[in-house]
Structures are given as C-alpha cells and as structure tokens.
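Please look over the structure below. The text that follows goes through its sheets, its helix packing and its chain contact.

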Amino acid sequence: MTDLITPQVAHADDGHHQEEHHGATGILKWMTSTDHKVIGLSYTVTSVVMLIIGGLFAEIIRAQLASPNGTIVSLAQYNELFTMHGSVMIYLFAGPFAFGGLANIIVPMQIGAPDMAFPRLNALSYWLYLMGSLTMLMGFFTAGGAANFGWVAYAPLSNSINTPGAGADLWIGGLLLTGFSAIFTGVNLTATIFYLRAPGMTMFRMPIFTWNMLVTAILILLAFPVLTAGLIMLYCDRHFGTHIYSVAGGGVPVLWQHIFWFWGHPEVYILALPFFGIATEIIAVFSKKPVFGYKSMVFATLTIGALSLGVWAHHMFTTGVVLLPFFSIMSLLIAVPTGIKIFNWIGTMWRGELWFSTAMLMALGFLFTFLIGGLTGVYLASPPLDFFTHDTYFVVAHFHSIVMALVLAGMGGLYYWGPKFTGYMLNEKFGKIQFWFLFIGTQVFTFPQYLLGLDGMPRRIPIYPHSPQWKSLNDWSTFGAILVGVSMIVFVVNVGYSWKRYPAGDNPWDAQTLEWFTTSPPPHHNFYRLPQIRSERPTWDYNHPEHRSLAHGAGGTGTHHEPPLANAIVGMLEHDQDHDA
Amino acid sequence: MRRFVALPLAALALSGCTVPSFGAHQGATTESSSVYHLWQGFSIGAVVIGGFVVVLFVYAIIRFRRKSDNIPRQAQYHLPAEVLYTVVPILVVFGLFAATLVVENKEVADPKTNVTVDVNAFQWGWKFTYPGTETVVIGQTTQDPTMEIPVNTNIHINLTSTDVIHGFYVKAFNFSRYALPGVLNQFTLDAVKTGNFYGQCTQLCGLYHSLMFFNVKVVTMSQYSAWLAKTANPAAFAAAAKTTKQQTSTQVPTKPASSHGAN
C-alpha cells in the first residue's frame, strides 16, 4: 500500500533548522529547548530521580518499622520522612512522570503533530516543576526540618502553631509551583489533542493512551486550581492572620479536607489514567492484536473521569460530617468502568500471540497488582468497612497496590517507548530480572500490610511498643520493600549497561500506533511523512494491510465493520470529525 | 431488580457464621459483628470476581503465549461479552450498596441510651468524662487512660477534640471516628463482651501521635456503678473542665502577629 501523505509537517523541518541556528549548544541548548521530546525527556529523568529519592525515604521508613521500638530515626524525623515520601511520590514522581514525561513525548507523535500546541509554555511547565521539586525538598535543610504533617496536610495540624517552621512553607510553595506546572501541561495537552491532530486522525482514531491523556488533562484543569486556591488559603492562615481553617476564628478545619480531596480524588485518576493508557498500548502490541473493545475502553475512561469528580468525600467517611450513601454509591460505581478496562485487557490478550518482553511482563504485572488494589478499594467505598479500616495499614496496603501497579506500568512504558525517544533498546535480561524483583517485591511488601491493618496497626506510627506481635509481618513488608529497592538498582544498572548499545530501529516491536512510523529518535518535528490514517493504528495498517481490525461476526477478510450499537453511539462524533479533517 | 440481587447478598452478609473470616474479626460490640459480616460478604464477592479474573488472566498467559510469527485474527469487538461485563458488575455494585446501607443504618442509628461518655482528644492524650457523675479519667502519652463502660448497654459517645484532628479507634469495635475541633461527633456502641480492649489514635496529630493509647474496659453494670462511686472526684472533675478551657485558649492566636512569632 502506498497511500502515504506528505503533509505540511515535512516543511516544518525547515523551521527546525532555523530554530537551531541560535547557535546554542550543550547545556544552554537543553535549557532553552522547546522541543517536546527534550522537555519530556527532562521530565522523565527528573521524575525517575524523584522516584529514587522517594524510594530511599521508604526504605528508611521500613527499616525503622522492622523493630517495635525502632531507633533508626527520631519520632520527628519519621514524620518528616513519611510526609516527604508521600509528597515526592505523588506530587513529584507519579504525575510528572506520566503527563510531563511520557505523555509529553508520545501524545504529539501519536496524533501526528509536530510539537505541543504551546512549546514555550511546555518549557515553562518543566522549569516550574523542577523548581517546585527543589523547593519542596529544600525543607530538609531548614532548622525545623521538612514538612511533617503528612502529604495531606490536614488543618489544623498544618497551621503555624502546630507546625511552625519554614519546611511546611516550602512544602506549600513547592506544591504551588508544581501545581501550576501541571495546570499548564493540562492546557497544553488539551489544546494539542483538540487542534493538532493530523489529517484523518479523528477523535475515535486516537490511541487509547492519547484518549486517557485527554481525560487526564481535563481532570487536571478541573481539579488543580482548587488545590492551588486551598494552598493559598492555608498560607494565608499561616502568615496573614486569616482564620479560614481555624475554629478559633470562626473557620472550618474540615473545609481543608473538602478542598484537598476535591482535588485529591480526581488526582488519583490523574495519576492512574495515563498508566492505564500505557498498559493498554503495551498489551495490544505484544499480543499482536488491536485493543479489544476500543470504544468501550474510551467510554470507560470518560466514565471514570466523570465519576472521579463526585467521590471525594469517601476519604472523609470517618469525619462524621458527610453524606455517606451518596459518596458510597458513587465510589462503588467506579468499579464498573474499571472492571470493563480489566476485561478489555484480557480480551486483548485473548487468542493473541503473547510476546513476553519486559514491557509486556511489566504490563501484566500491572494488571494483576491493579486487580488486587482495585478489589480492596471496593471495601473502602463502603462506609462501615471504611470505619473499620480507615487510617490503618489496610488503606496503606490498598493504595500501595495501586501505585506500585502504576510503577510497574510506568517501567513498562520506559521499556516500550524508551527505544523510540532515545533510539536505543534496554537490555531484556536485566529488564526481566528487574521485573521479577519489582513484581514479587510489591506483593511481599503490600500483602502483610493488609493483615497488619486488619490487626489494627495505624498508619504513620514510627513505633508500636504495645503490639510487638506486629513485628514479623512488618519484617516481611520490609523484606518486600528491599526487593523493590533492588529492582530499582537493576534498572539503573540496565540504563548504564545499555547506554547506546542496542540501536532500536524505527519499529522494533511491530507496534501499531503513529509514533512508530517515524524514526527512532524522531526528527525535530517528528515526521517527514505520514501514512494514511484510517483507524487507531495507522502504522499497523501500513505494515499489515491484509490484517486490519475485524468487528464481531465479520469474516476473515479485511472489511471493517462496526458493531451496530457502538457505531450508533459514536456515529455523530466520527461524522463531524471527518468533516473537520 | 435491585432488591432481587440485594436481598440474598444482604442475607449472606448478615448471617455468615460458617463463612471464613477473611482476616477480620467479630469484635466485641453488636455493631462490630455487623461490620464483620459485611466484611465477609464483600470478601466473598472479591474472591469470586477476583478469582474469575485471575483464572481468565492466567489461562490467557499460558494458552496464548507466542508459538509462531503468525498474525492472529484481528478481532476487536464482541458486543454481547462487552454488555455482559458492564451489566453484571452494575448489579453486583447495587447489591454491595444495599448490604452497605443495612449495616450503615444500624451503625449510625441513635438509640436511647443510659450511659454517656464525653471523649475528648488532645495532643497527646485522652480525657473521658462521665456527665451526670463526678468521674473523669485523663491520661497523656504513656499513661494509657482507661475508659470503663458497662456491658450490654448502649453507650452514647460525644467525641470532641481540643486542638488538631485525632482518630478514636478501637480495634475490637471495628470502628473509628475522627475527633474534630469545633465539631461534636456522636455515636453509639453496645459492647457484648467484657474485657480489656485496646485503642489508639489513628489520625496523625503531631509528634507523639504514635503514643496516644487508651484502653476500653468493659465490665458488668454493677462493677461499673461501683467504679463510678469509687472514682468520683469533684475537685478533679472541676479542674479537668478548667484545663480543657486553658488548652483551648492557648490554641487561639489572639493576634495575627502571634502566628508570625511562631515562625
């Protein structure tokens, strides 16, 4: 098939040469770059460094808990450590890794765009993120130490009387900066996806990863400004004498929780959806099949996004001041679209030819770990069961199952897309060793925590002098955390070992989506030419014209039939999009 | 339809005596026992659904591992299957929700009570005041105060906090509730076993959060009355009320300047 189109993006290459004529080289070139791939790579490297820093905090925490009266750190230091562990992992690793790193690099390429819609804003996002991260971590170098009120900073513990000191202010400042960075990236991704799609790339031909990033970006735009406002009010309470969150001045401490979780629960999906997208792409490519139930996958993502805005108070069941049944049913309902995704992933594997590369193993590890975290999450949506387990290690175990699943998917993303944006493959042997350490370590460190939670161990305690029977389970958990730590060392060794060792070629995985049509690494503005885009996997269609996706009930030929119901639902949207194109 | 699915599940949740515990425990109150049965119901659902998914998943991994470089059939949709795994989870969710409502309504019910305990949490300890008597129990960090309550009686708890948010949690009650500054949280519990039960603050409240222990001692009604008579101490009762006030007033930043000074 020779239906290639050579769109205007080929000419953009001239622009690339003009832009490069500034003469900047080396570090200055990097600092002034507005190329989404350079910025995305900076994001990726910075966020992996944050993962390692947050991981080190976790190892110290686990070492402390290996004994009922641990003395490795003081009570005060422990509070700083778990606060900064959570803050670094959630604010500085998981989000930026996904929507600043991989999405930044991959989304424009998946939709055939030369760059993000606002390249300079994109650069600003990165520098805000880096400065915000450094600001937050600088707390450790102040006299009072880093922030120590937990990553949720509940009022009134976070006011200036209970938590004086610059560490808390640096935490607020750092979070404001990274929050703005996220908002700008959200603006950028939304604009890019709506306005810079290549001819033929209709909304329902976008890969699932791009779809998920669109929903993520919209959630960012809805949720992050609320957090920003809440943080500014917190800062005013601390320094300008307002009483927004203090009872004494007529304020309401629980207001902080409402504001925080109104951001915080969409944030859970802002973190998770990109990784769902990564796993979806990987599972399809390494099963040699299209994404099963592509359209229900998109609707599931949209449903998760919508429901996630109405469930924030399930973090507040034990406050006694929220309407329990409403938030309970909304939270339980999220299990439905999530279940659809899980069945679609299995459907994608069904009757495929599964290739267990490191990326695929990571995605499958994600699926299993996420299943466990998802099932235990259903318990927490039920208020009586939440009263029972709230603030115990059961909750800690639940969300670590989820976030470790995301880490697995993220690592899969690096193994899968790394060759595209660096031009070199990672070593598969090291990769598989890393996978088994990471996967087994994750289960070994979370499972005992479920049991500890059911046995009543509260979170955020450095010592448990009254309950020495918790030691053995804690030891298992610590052992698992060490395995996870080893997996990170293997990863770093692998990056060093594989450095410029295995040239990747344009499409080493026989992958399906548009980013695999260009060179590895891609040229400055991504594409010299594009294939015809007639489905969500143009590269596959180009390489295997005789193996296009089949609808249910269709024969073995290449004719593309839509199922009538799904077709009716999306028909209108598709129709409009085709006209635009 | 909802009722149809909900009722068997609720019945199962409320009567699961021979069902495995799934790591939880029956507890020492009527409420904790309901929560335990709800836990069992949810766990059965989780095991059945999770088990089904794991079986499919493992089967796919073994059965469909790569055997050749052939390109498999590029099937993308199977509408009946997709509808099935959308509709069945919705029904399951409404079943779980119905069972949740049954237990939740029991837990938040406010039946008539004879015994009231005012529980006040502060950094870092607990104060148990028995209104209508002259008994007060206060204990900080390592003192582990004991709240004594009679068995087989509805106990009304008024939970408050003097400073930051604390978590009132007793493992044997399968229950926790925040102690919030400026909010009066109320709940009822009905212990069905005598004995000593251990409690701890679960919500991060500052430096000595990990040492905010307390005990709940469930005794017979006559022992409880004797204990009240023995521990009645008007002077301590009055002093305790005063301390609370002082603690509150030190929490109030009288002038904006004071919060600057704290930094």
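Start at B:V117. Its bridge partner in β5(B) is B:I157. This pair belongs to a parallel pairing: strand β1 (residues 115–122) of chain B and strand β5 (residues 154–161) of chain B are joined by 7 bridges. Keep in mind that this is a predicted model.

Now widen the view to the sheet around that pair. It is open and has 5 strands, in the order β3-β2-β1-β5-β8 of chain B. The pairing is mixed. At the edges lie β3 (135–140) and β8 (185–190) of chain B, each paired on one side only. From one strand to its neighbour the turn averages 20 degrees, direction ignored.

Chain B has another open sheet of 5 strands. Here the order is β4-β10-β9-β6-β7, again with mixed pairing. β4 (146–150) and β7 (175–179) of chain B are the edge strands, and each pairs on one side only. The twist between one strand and the next averages 25 degrees. Inside this sheet, β6(B) runs antiparallel to strand β9 (residues 195–201) of chain B, and 3 bridges join them. One residue to find is B:F168, whose bridge partner in β9(B) is B:C201. A helix also lies across part of this sheet. Helix α4 (residues 221–231) of chain B covers β4 and β10 (213–219) of chain B, and runs at about 135 degrees to β4(B).

How far does the confidence reach in chain B? The mean pLDDT is 85, and 85% of the residues score at least 70. Among the elements of chain B, strand β6 (residues 166–170) has the highest mean, 96. Helix α6 (residues 256–261) of chain B has the lowest, 30. Two stretches deserve a look. Residues 1–5 of chain B have a pLDDT below 50, and this stretch has 5 contacts beyond near neighbours in sequence. Residues 245–263 of chain B also fall below 50, with 26 such contacts in the model. For the model, ipTM is 0.88 and pTM is 0.89.

Turn to the helices of chain A. Helix α3 (residues 36–65) and helix α4 (residues 75–110) of chain A cross at roughly 155 degrees, and their axes come within 7 Å. An angle over 145 degrees counts as roughly antiparallel, so α3(A) is roughly antiparallel to α4(A). Their crossing is left-handed. The contact between α3(A) and α4(A) has 23 nonpolar, 10 polar and 1 charged residues.

Another helix pair packs at a different setting. Helix α8 (residues 253–287) of chain A and helix α14 (residues 393–422) of chain A have axes 9 Å apart and an angle of about 50 degrees. α8(A) and α14(A) are therefore oblique to each other. α8(A) passes α14(A) in a left-handed crossing. From α8(A), the residues in the contact include A:L271, A:F275 and A:I282. Facing them, α14(A) contributes A:I402, A:L406 and A:Y416, among others. This contact has 10 nonpolar and 3 polar residues, and no charged residues.

Last, the chains together. The contact takes 87 residues from chain A and 76 residues from chain B. On the side of chain A that touches chain B, the largest share comes from helix α11 (residues 335–349) of chain A, with 8 residues. By class, that side of chain A divides into 56 nonpolar, 23 polar and 8 charged residues.

Terms used: Residues are numbered from 1 along each chain as its sequence is written. Chains are lettered from A and ligands numbered from 1 in the order in which they are written. This is a predicted model: local features need pLDDT of at least 70, side-chain atom pairs count only at pLDDT 80 or more; totals for chains, interfaces and linings use all residues. Two strands pair if DSSP finds at least two bridges between them. Helices (H or I, at least four residues) and strands (E, at least two) are DSSP runs, numbered from the N terminus. Axes are lines fitted to C-alpha atoms, for helices over the stretch in contact, and angles run from 0 to 180 degrees between N-to-C directions. Two residues are in contact if their C-beta atoms, placed from the backbone, lie within 7 Å. Ala, Val, Leu, Ile, Met, Phe, Trp, Tyr, Cys and Pro count as nonpolar, Asp, Glu, Lys and Arg as charged, and the others, Gly among them, as polar. pLDDT is the predictor's confidence in each residue, from 0 to 100. Angles under 35 degrees count as roughly parallel, over 145 as roughly antiparallel, 65 to 115 as roughly perpendicular and the rest as oblique. A crossing is left-handed if the near helix is turned anticlockwise from the far one by less than a right angle, and right-handed if clockwise.
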